[in-house]
Amino acid sequence: MNIGVCYFPEHWPREQWEDQVAQMAEAGLEYVRMGEFAWSRYEPEPGVYDLEWLVDAVDLIGDHGMEAVLCTPTATPPKWLSDEHPSILRETQDGTTLEFGSRRQYCFNSPVYRRESARIVEHMAERFAGHDAVAGWQTDNEYGCHGTTRCYCDDCATAFREWLRERYDDVDDLNESWGNAFWSQEYAGFHEVDPPRSTPAGHHPARLLDYYRFSSDSVVDYNREQVDILRGADDDWFVTHNDMSLFGGYDAYDLGEDLDFLSWDSYPTGHVQHARGEDATADDLRAGDPDVVGIDHAIYRDAADGDFWVMEQQPGGVNWPPHPTQPGEGAMALWAHYASAYGAETVSYFRWQRCDMGQEQYHAGLRNQDGSPDRGYRDAARAAGELAELDEMLDGDAARGNDARVALLHDYENLWGLDIEPASVDFDYWDHLLTYYAALRRHGVEVDVLPIDADLDTYDAVVGPTLYLADEDLADSLDAFAHDGGQVLVTVRSGVKNEHNRLRPTLPGPLGDVVGASVEQYEGYRGDADPEIEYRGETYSFRTWGEWLDADAADTVATHETGPAAGTAAITRNERGDGAVTYLGVWPEQPLADAVVADFLDDAGVPTTGPLPDGVRLQRRGGLTWVANFTSEVVRADAPADATWHLGDGEVGEFDVAVTDAHLADVSVDTR
């Protein structure tokens with residue numbers, strides 16, 4: 001469990017480097033990540049290279065007992081490259097060319113840019129191959145950030161047509177599969193198919209879904225070219241990429257197949273504002289939401305079988321959220337602990353020193369622009385020391401964050417399909433996923449977040465929120481899991497569409513037999529509607545979406561109480577072999593989510609801690625349990641008498657953490 005930092009030596013006079021690097025080592029940092037935006041310094045003119053300044057910086061890092069993580073610089077092509085080859089620039093749907101002057105202005109499908117990217121990566125890889133201080137590489141930086149996954153230029157048009165030719169037998173197959181008879185959208189040949197550029201009304205949903213798939217594949221292919229170059233130069237290097245929070249521009253599971261592990265960039269006070277909007281609490285604005293942070297940890301951890309890094313950790317106030325709040329005292333150490341508890345090998349703060357130029361001047365660093373320590377420096381140094389001590393106590397496979405018995409299914413194509421046709425302005429895939437992840441975590445349960453084709457054999461319970469494009473293979477997998485004694489929970493809008501984004505004849509499509517119920521009608525609700533159901537003798541509210549179910553073979557366990565759905569089934573449970581499948585036909589508010597999840601976990605035999613206080617979460621790794629308090633209130637954690645507190649004690653202060661060797665299920669938490 002290591003602490004690192006992101007460093008930009010090119011931003012500072014050479015005579016300051018020695019002191020800066022010495023201060024990093026003094027703080028207990030292990031890794032220094034550099035170079036993701038420095039192409040113009042590596043190659044100031046076409047074919048004229050200057051990497052010796054970076055070699056000097058890497059040498060300095062090695063001399064102080066740390067290791068460097070280098071980055072390919074392709075997120076920021078230099079001006080001369082854009083001027084010589086304007087075809088590399090990305091085009092938006094309306095045909096606007098994204099010009100030089102920011103970052104991420106390139107097109108993934110530009111043959112010229114792929115050639116130039118390979119050239120600079122090859123040159124850097126050859127120069128640093130065998131360098132003892134280089135641990136590994138990050139490819140590019142935040143693929144798709146600023147909405148740049150999808151381009152609509154002529155190069156993309158050519159690549160998309162080739163992608164379609166490989167996917168469909170002929171154009172008649174494409175027309176039939178998409179359903180192009182609608183609005184006279186049939187094609188006479190693949191050469192007529194363009195990217196989905198701006199149109200008067202909405203695009204054909206099948207065309208959009210395939211374009212999203214194609215664009216994701218383009219990112220994966222582009223990344224693979226860089227990975228192959230780096231691995232060919234030095235097979236001792238690891239190769240990773242830094243993804244983003246609740247990001248669905250491409251399929252991270254596909255990207256991860258070519259990498260040693262995935263990384264992601266964690267900015268809790270910013271991400272919670274995007275995820276929760278005006279519903280973010282005062283404590284959220286100081287420390288973030290532990291479940292928004294946690295689900296990202298879980299996605300990127302489980303995508304690589306337990307290994308992940310936080311490549312950028314928030315160091316203080318940042319420049320891009322709607323409200324640039326200051327983290328609570330201690331929160332920046334709390335975040336490092338929380339990531340480490342989930343299984344992170346390294347947490348790297350972004351950045352070492354606040355920059356006094358460019359577009360990120362209001363983004364804090366561990367040190368202020370004058371070099372003096374900022375609040376984050378103290379938290380990072382504290383976390384480095386505490387984690388170094390705890391690291392020696394870990395048992396077993398320390399890289400694995402937990403031994404979860406519950407899996408939550410997550411899928412990028414389901415996300416894309418729902419984004420294309422949300423049907424309700426308030427229906428958001430990530431928000432729905434978080435409803436269930438948070439309910440599970442409030443019960444003290446550890447959760448693996450897995451792709452829908454994952455092996456489920458080691459789990460007792462599986463939750464599938466909005467399996468929108470569910471097919472026969474997934475239905476068979478869930479049915480077999482239930483027959484073997486597992487508990488399955490499926491939620492609204494599952495089995496709605498086929499792989500071409502076309503409605504199934506009946507809902508929930510291929511899941512119908514497994515669920516034992518069908519959807520007769522559905523309805524979207526405004527925020528002020530307050531619809532209700534009756535569940536096990538109690539009345540509960542739900543929101544956003546509700547379905548009227550016909551319990552064909554299942555038992556009805558909840559019924560609608562309001563509106564035209566009154567009296568119809570809202571939740572069903574279907575016995576399948578030694579297990580059961582529950583279908584939750586409404587989007588629950590928190591009390592209903594907690595009640596259903598509690599019963600579901602009880603049926604699965606998964607031990608729980610009882611409801612945890614809001615903002616407090618437990619996480620276990622390597623024989624240790626972290627009690628993470630994301631609130632401004634002091635909480636009390638009780639553990640068995642024979643347990644030892646290895647960090648702190650049972651009283652956990654505001655925005656703080658404590659660590660015990662008690663098993664997670666044996667720890668209870670209450671507000672003081």
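**Exercise 1. Classify K497 and its salt-bridge partner as buried, partly exposed or exposed.**

*Solution.* Let's begin with K497, whose relative accessibility is 5%. Buried means under 20% relative accessible area, so K497 counts as buried. A word of context before moving on: this is a predicted model. The partner of K497 is E421, and their side chains meet in a salt bridge with an N to O distance of 2.4 Å. The pair links distant parts of the chain, 76 residues apart: E421 sits in the loop between α15 (412-420) and α16, while K497 belongs to the loop between β13 and α18. Finally, E421 has a relative accessible area of 32%, so it is partly exposed.

**Exercise 2. Work out where the partners of the E225 and R114 salt bridge lie, and how accessible each one is.**

*Solution.* Start from the contact: the two side chains meet in a salt bridge at 3.1 Å, N to O. Next, place the partners. E225 is in helix α8 (residues 205-233) and R114 in helix α5 (residues 111-128), so the pair links distant parts of the chain, 111 residues apart. Then check the accessibility: E225, at 32%, counts as partly exposed, whereas R114, at 17%, is buried.

**Exercise 3. Do the same for R276 and D431.**

*Solution.* The closest N and O atoms of this salt bridge are 3.8 Å apart. With a cut-off of 4 Å for a salt bridge, the contact between R276 and D431 qualifies. R276 belongs to helix α10 (residues 268-276) and D431 to helix α16 (residues 429-442), distant parts of the chain that are 155 residues apart. R276 has a relative accessible area of 23%, hence it is partly exposed; D431, with 19%, is buried. To put these pairs in context, the structure holds 39 salt bridges. Some link up into a network, such as the one made of E43, R115, E116 and R119.

**Exercise 4. Find the residues of the negative surface patch and say which helix gives the largest share.**

*Solution.* The patch gathers D471, E472, D473, D476, E499 and D513 on the surface. Helix α17 (residues 472-483) gives the largest share, three residues. Now look at E499, which lies in the loop between β13 (487-491) and α18 (512-515). Patch members need over 30% relative accessible area, and E499, partly exposed at 43%, is above that.

**Exercise 5. Give the strand order and the edge strands of the nine-strand sheet.**

*Solution.* This open sheet runs β5-β4-β3-β2-β1-β9-β8-β7-β6, with parallel pairing. Its edges are β5 (238-240) and β6 (242-243), each of which pairs on one side only. For a look inside the sheet, take β8 (residues 308-313) and β9 (residues 346-349), parallel strands joined by three bridges. W309 has T346 in β9 as its bridge partner.

**Exercise 6. Trace the antiparallel pairings of β23 with β25 and of β17 with β15 and β18.**

*Solution.* First, the three-strand open sheet has the order β25-β23-β27 and antiparallel pairing. Its edge strands are β25 (651-652) and β27 (668-671). Two bridges join β23 (residues 635-638) to β25, and V635 stands opposite V652. Second, β17 (residues 555-560) pairs with β15 (residues 532-535) over three bridges, where E534 is matched with T559. Third, β17 also pairs with β18 (residues 569-576), this time over four bridges. There, the bridge partner of A558 is I571.

Technical notes
Residues numbered from 1 in each chain as written. Predicted model: local features only at pLDDT ≥ 70, side-chain atom pairs only at ≥ 80, totals over all residues. Heavy atoms only, no water. Patch = residues over 30% accessible without salt bridge, like charges linked within 9 Å, V, L, I, M, F, W, Y side chains within 5 Å. Areas by Shrake-Rupley, 256 points an atom, 1.4 Å probe, with all protein chains shown as cover. Lys, Arg positive; Asp, Glu negative; His and termini not counted. Charge placed at Lys NZ, Arg CZ, Asp CG, Glu CD. Buried < 20%, exposed > 50% of the residue type's maximum accessible area, 1.4 Å probe, protein only. Pairing = 2+ DSSP bridges.
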